[in-house]
Amino acid sequence: MTETVPSARARLKRLAKRGAYDRATVHAVLDASVVCHIAYVLDGQPYCTPTAYWRDGDRLYWHGSSVSRMLQGQSVGLPVCLTATHIDGLVLARSGFNCSMNYRSVMVFGTAAKVEDEAHKREALDAYVERLFPGRVAEMRRPTDKEVRATTLIAMEIEEASVKIRSGPPHDDEEDLAAGIWAGVVPIAETIGALQPCPLLPAGIAPGAATDPYAGGARFDDILRANVRGAPAPAEAGE
């Protein structure tokens, strides 16, 4: 990812003051999620597919079954647009026109290609597990050659990216301030619930250290950011 002025495809045109293009801000928004949508065109037909992803430097990865049509199409070097979005709150204004949402979103452009090298593939798949549960790989059974062959891994270098963020209260028209109705923000966050043991788990087996960050009530995006070594602090949002 280059630290340059974005091209027309990545540059924000509406509410540009909410935009950011620097590496730290792009990484921070990407690192706070694990689900993205990938848009691409196959045989003239546009598609947009939800999938899990993870980041290593300026490279993004996603994976799936080796028979997936989506992944087969992306394997040959396909231009894609990857997006991830966080809803942080519903902004309730005194008029419908001024109602909004607080959000963090990122749009990434690059070229998807299949990872063929088996050592690279295994290392990247381990990194996906460690992304969610640091230390878990050492506790788990290693994947078999058959399982690795059955998995297609796609990588994409971040060529360009843009972030758009909104935070803060509603922006009502001055003449609406005396309307006598409540206005403000309804915060929204993904939080962790109580762990649910597998029904087939033998008695006496406790969760390992890899699940320690997943305390009840903790924010999922905070856990994800903390799991990234050297992750930047969350960006300051624009209103």
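Student: Which residues make the nonpolar surface patch of about 370 Å²?

Tutor: This is a predicted model, and in it the patch is made by Ile-87, Leu-90, Met-101, Val-186 and Ile-188.

Student: Where is Val-186 placed?

Tutor: Val-186 belongs to strand E10, which covers residues 184–187. Its relative accessible area is 40%, so Val-186 counts as partly exposed.

Student: Moving to the strands, how many bridges join E6 to E7?

Tutor: There are 13 bridges between strand E6 (residues 78–92) and strand E7 (residues 100–114), and the two run antiparallel. Within this pairing, Thr-83 stands opposite Met-107 in E7.

Student: What is the bridge partner of Met-107 in E9?

Tutor: That partner is Ser-162. Strand E9 (residues 160–166) pairs with E7 in the antiparallel sense, over seven bridges.

Student: And how many bridges are there between E7 and E8?

Tutor: E7 pairs with strand E8 (residues 151–157) over three bridges, again in the antiparallel sense. One residue of this pairing is Ala-112, whose bridge partner in E8 is Met-156.

Student: Back to E6 for a moment. Is His-86 buried or exposed?

Tutor: His-86, which is found in strand E6, has a relative accessibility of 8% and therefore counts as buried. A polar atom of the His-86 side chain lies 3.1 Å from the backbone oxygen of Val-29.

Student: New topic: helix H3. What length does H3 reach from its first C-alpha to its last?

Tutor: Helix H3 spans residues 118–132 and reaches 22 Å, close to the 21 Å expected for its 15 residues. At its N-terminal end, Asp-117 acts as a cap, with a side-chain oxygen 3.3 Å from the backbone nitrogen of Ala-119.

Student: Which residues in H3 are buried?

Tutor: The buried residues of H3 are Lys-121, Arg-122, Ala-124, Leu-125, Tyr-128, Arg-131 and Leu-132. As background, an α-helix has 3.6 residues a turn, so residues three or four places apart point the same way.

Student: Which residue forms a salt bridge with Asp-126?

Tutor: Arg-142 does, and the closest N and O atoms of the pair are 2.7 Å apart. Arg-142 lies in the loop between H3 and helix H4 (145–149) while Asp-126 is in helix H3, so the salt bridge ties together parts 16 residues apart in sequence. Arg-142 itself is partly exposed, at a relative accessible area of 39%.

Student: How many salt bridges does the count come to?

Tutor: The count comes to 14 salt bridges. One of them is formed by the side chains of Arg-104 and Asp-221, at 3.0 Å from N to O. This pair links distant parts of the chain, since Arg-104 is in strand E7 and Asp-221 is in helix H5 (residues 220–226), 117 residues apart.

Student: Are Arg-104 and Asp-221 buried or exposed?

Tutor: Arg-104 is buried, with a relative accessible area of 12%. Asp-221 is buried as well, at 7%.

Student: What about Asp-222: which side chain does it meet in a salt bridge?

Tutor: The side chain of Asp-222 meets that of Arg-219, at 3.9 Å from N to O. Asp-222 is partly exposed at 37% relative accessibility, and Arg-219 is partly exposed at 32%. Through salt bridges that share partners, Asp-88, Arg-104, Arg-219, Asp-221, Asp-222 and Arg-225 are joined into one network.

Student: Last one: where is Asp-172?

Tutor: Asp-172 sits in the loop between E9 and E10, and it is buried, with a relative accessible area of 16%. The C-alpha atoms of Asp-172 and Ser-95 are separated by 7.3 Å, although the two residues are 77 residues apart along the chain.

Terms used:
Residues are numbered from 1 along each chain as its sequence is written. This is a predicted model: local features need pLDDT of at least 70, side-chain atom pairs count only at pLDDT 80 or more; totals for chains, interfaces and linings use all residues. Side-chain values use heavy atoms; hydrogens and water are left out. Patches are made of residues with over 30% relative accessible area and no salt bridge: like charges are joined within 9 Å, nonpolar side chains (Val, Leu, Ile, Met, Phe, Trp, Tyr) within 5 Å. Accessible areas come from the Shrake-Rupley method with a 1.4 Å probe; for residues, only the protein chains shown count as cover. A salt bridge is a side-chain nitrogen of Lys or Arg within 4 Å of a carboxyl oxygen of Asp or Glu. Helices (H or I, at least four residues) and strands (E, at least two) are DSSP runs, numbered from the N terminus. Buried means under 20% relative accessible area, exposed over 50%, partly exposed in between (1.4 Å probe, protein chains only). The expected span of a helix is 1.5 Å times one less than its number of residues. A polar contact is a pair of N or O atoms within 3.5 Å; within protein, one must be able to donate a hydrogen and the other to accept it, and residues adjacent in sequence count only if both atoms are side-chain atoms. Two strands pair if DSSP finds at least two bridges between them.
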